[in-house]
Amino acid sequence: MLGYRIICLVMGYIFGLFPSGKIVGRIKHVDLSKEGSGNTGATNALRVTGVGGGVLTLLGDVLKAVIPVVLAYAFFHKQGNGIQTLMLYAGIGAFLGHCFPVTGGFAGGKGIACFLGVGLAVCARMVIVPLILFILLAVATGYVSLASIAAVTAVAAESYVFAAAGLFRDTGAYRIELCILFTILAAVAIYKHKDNIKRLRAGTENRFGHKKKA
């Protein structure tokens, strides 16, 4: 299984390098890294290029996580117990490729759309509550970063509930591994929001639909 894990990670990482936001920016004749928040993710694409650009970027970032997870299943489904864990490794690879791309000096996006894609492809039921939480917080506060942090934390917490309730496909030690991997995934996503957390604490974080504070 170690070799399969490495294969899935590498495969996912390669897919994660696909620069969805940069491509959409070029189509819209704008450099997202120099406009708005300077991030090439879906939120900034929505701010800078409008709904169309935001949706295209979101779909691109979700799909580059979904595709390697689906491929991992196609390649290794005969493995039986442990396949869901291998799928998650592929998703983690895509997430890391997006957040720390070797082609971009390891400075990438914050990975929330990729995180969503991983969750949808590995265990779609786990995404329902965190997604609702994200929407409610984003609408109520205007802070997409806060909503994102809350949602990924909810996924990590929910993984332990799913493991205890036997809702994962994998059994035995693989369930513990799934929980650990989801927790690591959430921790990295939160780390990528470290600057947002500082601004949230200082009261200077940008609220969606509002002008950025000085």
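**Packing, salt bridges and backbone in a predicted model**

Colleague: His-193 lies in the loop between H9 and helix H10 (194-202). Is His-193 buried or exposed?

Modeller: The model is predicted: local features need pLDDT of at least 70, side-chain atom pairs count only at pLDDT 80 or more, and totals for chains, interfaces and linings use all residues. Residues are numbered from 1 along each chain as its sequence is written, and side-chain values use heavy atoms, with hydrogens and water left out. Helices (H or I, at least four residues) and strands (E, at least two) are DSSP runs numbered from the N terminus, and relative accessible area (1.4 Å probe, protein chains only) is called buried under 20%, exposed over 50% and partly exposed in between. Because the relative accessibility of His-193 is 3%, this residue counts as buried.

Colleague: Which residues are in contact with His-193, leaving aside its neighbours within four places in sequence?

Modeller: Contact means heavy atoms within 4.5 Å. With neighbours within four places in sequence set aside, the residues in contact with His-193 are Lys-110, Ile-112, Ser-145, Ser-148 and Ile-149.

Colleague: How many Å separate the backbone oxygen of Ala-189 from a polar atom of the side chain of His-193?

Modeller: A polar contact is a pair of N or O atoms within 3.5 Å; within protein, one must be able to donate a hydrogen and the other to accept it, and residues adjacent in sequence count only if both atoms are side-chain atoms. From the backbone oxygen of Ala-189 to a polar atom of the His-193 side chain, the distance is 2.8 Å.

Colleague: Which helix gives the most to the largest nonpolar core?

Modeller: A nonpolar core is a set of buried Ala, Val, Leu, Ile, Met, Phe, Trp, Tyr and Cys residues joined through side-chain atoms within 4.5 Å. The largest one has 36 residues, and those with the most contacts inside it are Leu-88, Phe-95, Phe-115, Val-122, Phe-168 and Phe-182. Two or more residues come from each of helix H1 (2-16), H4, helix H5 (83-99), helix H6 (112-123), helix H8 (144-165) and helix H9 (173-191). With 10 residues, the element that gives the most to this core is H5.

Colleague: Which residues does Leu-88 touch, not counting those up to four places away in sequence?

Modeller: Leu-88 is among the residues with the most contacts inside the core. Residues up to four places away in sequence are not counted, and the partners of Leu-88 are then Val-118, Val-122, Leu-178, Leu-181 and Phe-182.

Colleague: How many residues apart are the salt-bridge partners Glu-177 and Arg-5?

Modeller: A salt bridge is a side-chain nitrogen of Lys or Arg within 4 Å of a carboxyl oxygen of Asp or Glu, and a search of the whole structure finds 3. The side chains of Glu-177 and Arg-5 meet in one of them, at 2.9 Å, N to O. Both Glu-177 and Arg-5 are buried. The pair links distant parts of the chain, with Glu-177 in helix H9 and Arg-5 in helix H1, and the separation is 172 residues.

Colleague: In which helix do Asp-61 and Lys-64 both lie?

Modeller: The side chains of Asp-61 and Lys-64 meet in a salt bridge of 3.4 Å, N to O. Both residues are buried. At 3 residues apart, about one turn of the helix, Asp-61 and Lys-64 both lie in H4.

Colleague: Is Glu-205, the salt-bridge partner of Arg-199, buried or exposed?

Modeller: The side chains of Arg-199 and Glu-205 meet in a salt bridge at 2.8 Å, N to O. Arg-199 has a relative accessible area of 27% and is therefore partly exposed. Glu-205 has a relative accessible area of 5%, so this residue is buried.

Colleague: What is the phi of His-29?

Modeller: Most residues other than glycine have a negative phi. His-29 is found in the loop between helix H2 (20-27) and H3, and at 76% relative accessibility it counts as exposed. Although His-29 is not a glycine, its phi is positive, at about 60°.

Colleague: Where is Phe-106 placed?

Modeller: Phe-106 also has a positive phi, about 65°, although it is not a glycine. Its place is in the loop between H5 and H6.
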